[in-house]
Amino acid sequence: MTLAAPNLNAPAPIRVMLVDDSAVVRGLTKRWLESERDIEIVEACSDGVQAIEKIAAASPDVVILDVEMPRMDGLTALPQLRKLAPDARIVMASTLTGRGAKTTLTAMSLGAADYLPKPEANGLASADVYKRELLAKVRALGGAAQRAANPRAFPKTPTPQPRPRPAAVPGRGLLRPSAMVVASSTGGPQALQAFLGPIAKQIDAPILIVQHMPPTFTTILADKIASVTGRPCIEPKNGDPIKSGHIYLAPGDYHMKIVKGAAGPVIQLDQSPPVNFCRPAADPLFETASSAFGSRLLGVVLTGMGSDGKDGAGQIVQAGGRIIVQDEASSVVWGMPGAVATAGHAEVIKPIKDLSPLAQKIMNGDA
């Protein structure tokens, strides 16, 4: 029998460290990940102290870090783990509670790349959604970590060509958008704050956001965005009118859409099937916003896995609206903005520090 020659060009397996005090959780998660040919478990620890002792030698690409553990919890361990393994992407595993959500958002402000909403240990065996999210995030973040650590080993991503910028209307200049819609996912909570923090008070038009997050987490994030921007940021209720000067964040587990009401556009919430495996999803918001606002709409796509927002961005462009996206270098994962840019829908691809002032200019009719 002739053995097949090894593929020397195959990427190295993604190296994962598990940190969780529950032996049941560690065992199931390890079994799920080890069954994938492109993933390797390099260490499994029961608390933050062990993780700090072992992370340098383990050299992981991704760390799955439990929030609540004895001896040393995830939040305490996080800064030291980042210092010892600066290229590793750390994912906080948190229960679906208010306390867990607050801790997770704090961890992301300290440099965690993403989070996993973790079911209770006795429900993990049938947690298909959790398993799918775990595998998707390990692959996306692990690949990003490997590219950052060894860029020469990976082909450079070609920069998509931006679509032509719209021409000014004779005698009126550029149309001033009546609303801005924003989509984000992996790395989104911090990106949203960096993007909106400097500009929200200078924009009168309403801002509507979809961030892929479960219930409770979106409630905490809305409060955080309100604090950072100094503008009201709420999870709307079904039928709420869309008001100038307000920021609306889609509630977890509900699609947020825009429909025409008797006195103007209103918000419609529903639990129709997930789109792109997500609820809330960006495409339903973008598509209905393009119908409600036509050419007077700016769409923004920030960091995130997958391709949610691509089809909706295409509809915004077809209606005469504008699309700008975050660039790859400043994104945690260049999935969503990359998909929109590659499809040819984005007129601008910029780092988030440059995207923010550009959005303000567009919304005020100055760009």
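# A walk through the model

Start by selecting Ser291, which lies in helix α8, residues 282-293. Keep in mind as you click around that this is a predicted model. Is Ser291 buried or exposed? Turn on the surface and check: Ser291 has a relative accessible area of 53%, so it counts as exposed, the cut-off being over 50%. Now add Val259 to your selection. Ser291 and Val259 are 32 residues apart along the chain, yet their C-alpha atoms are separated by 8.3 Å.

Zoom out for a moment and colour by secondary structure. The protein chain comes to 11 helices and 14 strands. Of its 367 residues, 51% count as buried. What about contacts between residues at least 6 apart in sequence? Of these, 71% join residues at least 24 apart.

**Stop: the five-stranded sheet**

Next, pick out strands β1 to β5. They make an open sheet of 5 strands, with parallel pairing, and the order across the sheet is β2-β1-β3-β4-β5. Which strands stand at the edges? Select 39-45 for β2 and 114-117 for β5: each of these has a single partner strand, so one side of each is left without a neighbour in the sheet. Tilt the view and look across the strands, where the twist averages 25° from one strand to the next.

Here's a bit of background while you have the sheet up. Strands of a sheet pair through backbone hydrogen bonds, either parallel or antiparallel.

For a specific pair, show β1 (residues 14-19) and β3 (residues 62-66). These two run parallel and are joined by 4 bridges. Highlight Met17, then find its opposite number, Val63 in β3.

Now bring in the helices that pack on the sheet. Helix α3, residues 74-84, touches β3 and β4 (89-94), and its direction makes about 175° with that of β4. Helix α5, residues 128-149, also packs on the sheet. Which strands does α5 touch? It touches β1, β2, β3, β4 and β5, and its direction makes about 165° with that of β5.

**Stop: a buried threonine**

Select Thr104, in helix α4 (residues 98-109). Its relative accessible area is 0%, so Thr104 is buried. What is it in contact with? Leaving aside neighbours within four places in sequence, show Val67, Met92, Ser94, Tyr115 and Phe217 around Thr104.

**Stop: the cavity**

How many cavities of 30 Å³ or more does the structure hold? There is 1. The largest cavity has about 70 Å³ of space in it. To see its walls, select Leu18, Val19, Asp20, Val25, Arg26, Thr29, Ile64, Leu65, Asp66, Ala93, Lys118 and Tyr130. Look back at the sheet as you do this: β1 and β3 each supply at least two residues of the lining, and so does helix α1 (23-34). Colour the lining by residue type and you'll get 7 nonpolar, 1 polar and 4 charged.

**Stop: the second largest pocket**

Move on to the second largest pocket, with a volume of about 850 Å³. It is lined by 32 residues; to find its centre, select Val129, Arg132, Glu133, Phe277 and Cys278, which lie nearest to it. β5 and α5 are the elements that give two or more residues to this lining. Which element gives the most? That's α5, with 6 residues. By type, the lining of this pocket divides into 17 nonpolar, 7 polar and 8 charged.

**Last stops: some backbone details**

Go to the peptide bond from Arg279 to Pro280. It is cis, with omega near 10°. Pro280 is in the loop between β11 (264-270) and α8, the helix where you met Ser291.

Then jump to Ser59, in the loop between α2 (48-58) and β3. Its phi is near 50°, a positive value in a residue other than glycine. With a relative accessible area of 43%, Ser59 is partly exposed.

Finish at Arg71, in the loop between β3 and α3. Arg71 is not a glycine either, but has a positive phi of about 65°. Is Arg71 buried or exposed? At 63% relative accessibility, Arg71 counts as exposed.

Conventions. Residues are numbered from 1 along each chain as its sequence is written. This is a predicted model: local features need pLDDT of at least 70, side-chain atom pairs count only at pLDDT 80 or more; totals for chains, interfaces and linings use all residues. Side-chain values use heavy atoms; hydrogens and water are left out. Two strands pair if DSSP finds at least two bridges between them. Axes are lines fitted to C-alpha atoms, for helices over the stretch in contact, and angles run from 0 to 180 degrees between N-to-C directions. Contact means heavy atoms within 4.5 Å. On a 1 Å grid over the protein atoms alone, a cavity is a set of points where a 1.4 Å probe fits but cannot get out, and a pocket is an open set with protein on both sides within 12 Å along at least five of seven lines; lining residues have an atom within 4 Å of a point. Grid points are joined across faces, edges and corners, and a volume is the space filled by probe spheres set on the points. Ala, Val, Leu, Ile, Met, Phe, Trp, Tyr, Cys and Pro count as nonpolar, Asp, Glu, Lys and Arg as charged, and the others, Gly among them, as polar. Buried means under 20% relative accessible area, exposed over 50%, partly exposed in between (1.4 Å probe, protein chains only).
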